[in-house]
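Let's take a walk through this one together, a stop at a time. Have the structure open and turn it as you read.

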Amino acid sequence: MKKSILIISVISILVACKKEEPEVQIIEKSQSPHLVVERKNTTCITKLVATWNPSSHQSWANSKTESLKSLFSDRNVFFMDFWQDVYPGSSSANLFNQVISSFDLNTTLPSFYTNMKENNTIYTVGDEDSIATVHDSAEVILNSNYEMNISGDTVFLKTTTKFFKNVSGDFLLVPLMVLREIDEGGVKKYKNLVVDYARSWTLPTVENMAYRLDSGYIQSGKEITNDFLLPKKAEWDDYDLTFALIMVKRVANKFEFVNSFTIPKRRLWESER
């Protein structure tokens, strides 16, 4: 009898242990629907320019770009260009008009903007360094991350945006596709050119190329993940494609820059090459 009781007790313990296994299952990070978002601010320097600008003005803009790249070589800063009338067949011209309208930018060309604040045109002198320094040290309100996959002539984009502060307002994401370099006659003529914005098949654009992240009172820690896609031209080199994610707050029907994010080309493709 004692043996029977012992055997039954052992079986009971094994059955009880087996039932509890699912409760202690380890969930891998890769199973999360969200990407990991770093708590940091990134400065974006934007150039607006047109091919009809006098050669002296274009030369000034090119020199200005190179000097800024040297200035910010070891800083958390990236560059993107909007051309008013370049690269026929792309969306760059339309995007040029949209960015001017949404951020209420000056139409004097060429112009430079740091975090979408006008700080330099051919006729004025700005201070990009001070604007970037203030943004670097400011409290992080939100930031984003992304991953992209290319299949044939389609680019798939996944983004995650995370809030790091309790805030109120109407916050939006502007996902821009950037070509690091574009050949023209075998010459790398255009760099960091914004050529399109990502489309969502579930989210409507709120205005121009922006998608709503959230509005009203938003608690710190909230994460929003969205999927986008957009067409890719055959002549675009996969290794030259990247994205600039611009996070904004809508204020009086205009966009107010909050933060930006991109992945440097060397990091984006380091596992591929």
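Asn-226 is a good place to begin: with a relative accessibility of 11%, it counts as buried, since the cut-off for that label is under 20%. You'll find Asn-226 in strand β11, which covers residues 223-231. What is Asn-226 in contact with, once its neighbours within four places in sequence are set aside? The list is Leu-157, Lys-158, Thr-159 and Leu-203. Keep in mind throughout that you're looking at a predicted model.

Now step back and take in the whole chain. There are 273 residues, and 45% of them count as buried. The secondary structure comes to five helices and 13 strands. If you take the contacts between residues at least 6 apart in sequence, 72% of them join residues at least 24 apart. As for the outside, the chain exposes about 14,400 Å², with carbon and sulfur atoms supplying 51% of that.

Next, the inside. The largest nonpolar core has 59 residues, and the members that touch the most others are Leu-48, Met-80, Phe-82, Val-99, Leu-176, Phe-243 and Ile-246. Which strand gives this core its largest share? That's β7, residues 167-184, with nine residues. Another core lies apart from it; this one has eight residues, including Ile-45, Val-77, Phe-112 and Ala-132.

Pick out Ile-246 to see what such a core member meets. Not counting neighbours within four places in sequence, Ile-246 is in contact with Cys-44, Phe-78, Met-80 and Phe-103, among others. Its partners also include Leu-172, Leu-173, Val-174 and Leu-176, and then there are Phe-257, Asn-259 and Ser-260.

On to the rings. The model has six aromatic pairs. One of them is Tyr-146 with Phe-261, an edge-to-face pair at 6.1 Å centre to centre, with 80 degrees between the planes. Tyr-146 belongs to strand β5 (residues 142-151) and Phe-261 to strand β13 (residues 254-262), so this pair ties together parts that are 115 residues apart in sequence. Both Tyr-146 and Phe-261 are buried. Add Phe-243 to these two and you have one aromatic cluster.

Two other rings have a charge for company. Lys-69 lies over the face of Phe-79, 5.9 Å from the ring centre. Over the ring of Tyr-197 sits the charged end of Arg-199, 4.4 Å from the centre.

Strand β13 is worth a second visit, because Val-258 is there too, and at 14% relative accessibility Val-258 counts as buried. Val-258 touches His-135, Ile-141, Leu-142, Phe-171, Met-247, Val-248 and Lys-249, leaving out residues up to four places away in sequence. Then look at Val-258 and Asn-41: 217 residues separate them in sequence, but their C-alpha atoms are 8.9 Å apart in space.

One of those contacts, His-135, leads us to helix α4, residues 128-137, whose buried residues are Glu-128, Ile-131, Ala-132 and His-135. Why do these residues line one face of the helix? Looking down the axis of α4, the buried residues fall within an arc of 95 degrees, so they line one face. Val-134 and Ser-137, on the other side of α4, are exposed.

Helix α2, residues 55-71, holds His-57, which counts as buried at 17% relative accessibility. Along the chain His-57 is 52 residues from Leu-109, while their C-alpha atoms are separated by 8.4 Å. Leu-109 has something else to show: a cis peptide bond joins it to Pro-110, with omega at about -5 degrees. Pro-110 lies in the loop between α3 (92-103) and β3 (111-114).

Finish with two backbone oddities. Met-116 has a positive phi of about 65 degrees although it is not a glycine, and its place is the loop between β3 and β4 (117-121). Asn-253, also not a glycine, has a positive phi near 65 degrees and is found in the loop between β12 (241-251) and β13. Are these residues buried or exposed? Met-116 is buried, with a relative accessible area of 9%, whereas Asn-253 counts as exposed at 54% relative accessibility.

Notes: Residues are numbered from 1 along each chain as its sequence is written. This is a predicted model: local features need pLDDT of at least 70, side-chain atom pairs count only at pLDDT 80 or more; totals for chains, interfaces and linings use all residues. Side-chain values use heavy atoms; hydrogens and water are left out. A nonpolar core is a set of buried Ala, Val, Leu, Ile, Met, Phe, Trp, Tyr and Cys residues joined through side-chain atoms within 4.5 Å. Buried means under 20% relative accessible area, exposed over 50%, partly exposed in between (1.4 Å probe, protein chains only). Helices (H or I, at least four residues) and strands (E, at least two) are DSSP runs, numbered from the N terminus. Contact means heavy atoms within 4.5 Å. Rings of Phe, Tyr and Trp (its six-membered ring) pair if their centres lie within 6.5 Å; planes under 30 degrees apart count as stacked, over 60 as edge-to-face and the rest as tilted. A charge sits over a ring if NZ of Lys or CZ of Arg is within 6 Å of the ring centre and within 35 degrees of the ring normal. The arc is that of the directions from the helix axis to the C-beta atoms. Accessible areas come from the Shrake-Rupley method with a 1.4 Å probe; for residues, only the protein chains shown count as cover.
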